[in-house]
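Student: I should like to take a close look at a single part of this structure. Could you please guide me through one helix and its surroundings, step by step?

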Amino acid sequence: SLKPPRCAVYFNAMGEALPQGAEPALIAELLSSQLTSTVLWEQTVRTMLREGVEEFVVCGPATSSHLPDAMAKISTDAARRTSSCCA
C-alpha cells in the first residue's frame, strides 16, 4: 500500500509538486494520469527550478539519456547539475 510521501513529488502530468504528506489515494490517481496524459516536462522543470530544486538525477545509464540535452534547452545551469545514479 502507498504511504504519504516524505518529500514533495513532482508529476509531469500536472507540472507541479504533490506536497509532503499528501493522501496516498491522490498519489495513485496521479500515477495513473502519468501513464495516459501529455507530459508537461518543461513546465515541471521550470516549477522545480522556481521552487529551489538544486540537483537533478537521471535514473538510468547517463550515456543513453536525453535528459541532459533536454535540461540544457530549459536551463544550462540545471543541465550542469544533472547527474546519473547508474553506470
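Tutor: The following account begins with the chain as a whole and then turns to helix 3 and its surroundings.

The model is a predicted one. Its chain has 87 residues, of which 29% count as buried. The secondary structure comprises 4 helices and 4 strands, and along the sequence these elements follow the pattern β-β-α-α-β-α-α-β. Taken along the principal axes, the C-alpha atoms fill a box of roughly 35 × 30 × 25 Å. Among the contacts with a separation of 6 or more, 54% join residues 24 or more positions apart.

Helix 3 covers residues 67-74, and within it Leu-67, Met-71 and Ile-74 are buried. Viewed down the axis of helix 3, the buried residues fall within an arc of 55 degrees, so they line one face of the helix. Asp-69 and Lys-73 are exposed, and they lie on the other side of helix 3.

What does the buried face join? Leu-67, Met-71 and Ile-74 all belong to the largest nonpolar core, which has 10 residues. The other members of this core are Val-45, Met-48, Val-53, Phe-56, Val-58, Ala-78 and Ala-79. Two or more residues of the core come from each of helix 2, strand 3, helix 3 and helix 4, the last of which spans residues 76-80. Helix 3 gives the most to this core, with 3 residues. Apart from it lies another core, of 5 residues, including Leu-18, Ala-22, Ile-27 and Leu-30.

Ile-74 deserves separate attention. When its neighbours within four places in sequence are left aside, Ile-74 is in contact with Trp-41, Glu-42, Val-45, Arg-46 and Leu-49. Of these residues, Val-45 is also a member of the largest nonpolar core.

Leu-67, which is one of the buried residues of helix 3, also has a place in the lining of the largest pocket. About 190 Å³ of space lies in this pocket. Besides Leu-67, its lining consists of Tyr-10, Phe-11, Asn-12, Gln-34, Trp-41, Thr-44, Met-48, Phe-56 and Val-57. By class, the lining has 7 nonpolar, 3 polar and no charged residues. Strand 1 (9-11), helix 2 (41-50) and strand 3 (56-61) each supply at least two residues of the lining, and helix 2 provides the largest share, 3 residues. Met-48 and Phe-56, which line the pocket, are members of the largest nonpolar core as well.

Two further residues complete the picture, one from helix 2 and one from strand 1. Thr-47 lies in helix 2. Is Thr-47 buried or exposed? Its relative accessibility is 4%, and buried means under 20%, so Thr-47 counts as buried. Leaving aside neighbours within four places in sequence, Thr-47 is in contact with Tyr-10, Gly-15 and Glu-16. Tyr-10 is one of the residues that line the largest pocket.

Val-9 lies in strand 1. With a relative accessibility of 30%, Val-9 counts as partly exposed, because this value falls between the limits of 20% and 50%. Not counting residues up to four places away in sequence, Val-9 touches Glu-16, Ala-17 and Leu-18. Glu-16 is thus in contact with Val-9 and also with Thr-47. The C-alpha atoms of Val-9 and Gln-43 are separated by 14 Å, and these residues are 34 residues apart along the chain.

Methods:
Residues are numbered from 1 along each chain as its sequence is written. This is a predicted model: local features need pLDDT of at least 70, side-chain atom pairs count only at pLDDT 80 or more; totals for chains, interfaces and linings use all residues. Side-chain values use heavy atoms; hydrogens and water are left out. Buried means under 20% relative accessible area, exposed over 50%, partly exposed in between (1.4 Å probe, protein chains only). The arc is that of the directions from the helix axis to the C-beta atoms. On a 1 Å grid over the protein atoms alone, a cavity is a set of points where a 1.4 Å probe fits but cannot get out, and a pocket is an open set with protein on both sides within 12 Å along at least five of seven lines; lining residues have an atom within 4 Å of a point. Grid points are joined across faces, edges and corners, and a volume is the space filled by probe spheres set on the points. Ala, Val, Leu, Ile, Met, Phe, Trp, Tyr, Cys and Pro count as nonpolar, Asp, Glu, Lys and Arg as charged, and the others, Gly among them, as polar. A nonpolar core is a set of buried Ala, Val, Leu, Ile, Met, Phe, Trp, Tyr and Cys residues joined through side-chain atoms within 4.5 Å. Contact means heavy atoms within 4.5 Å.
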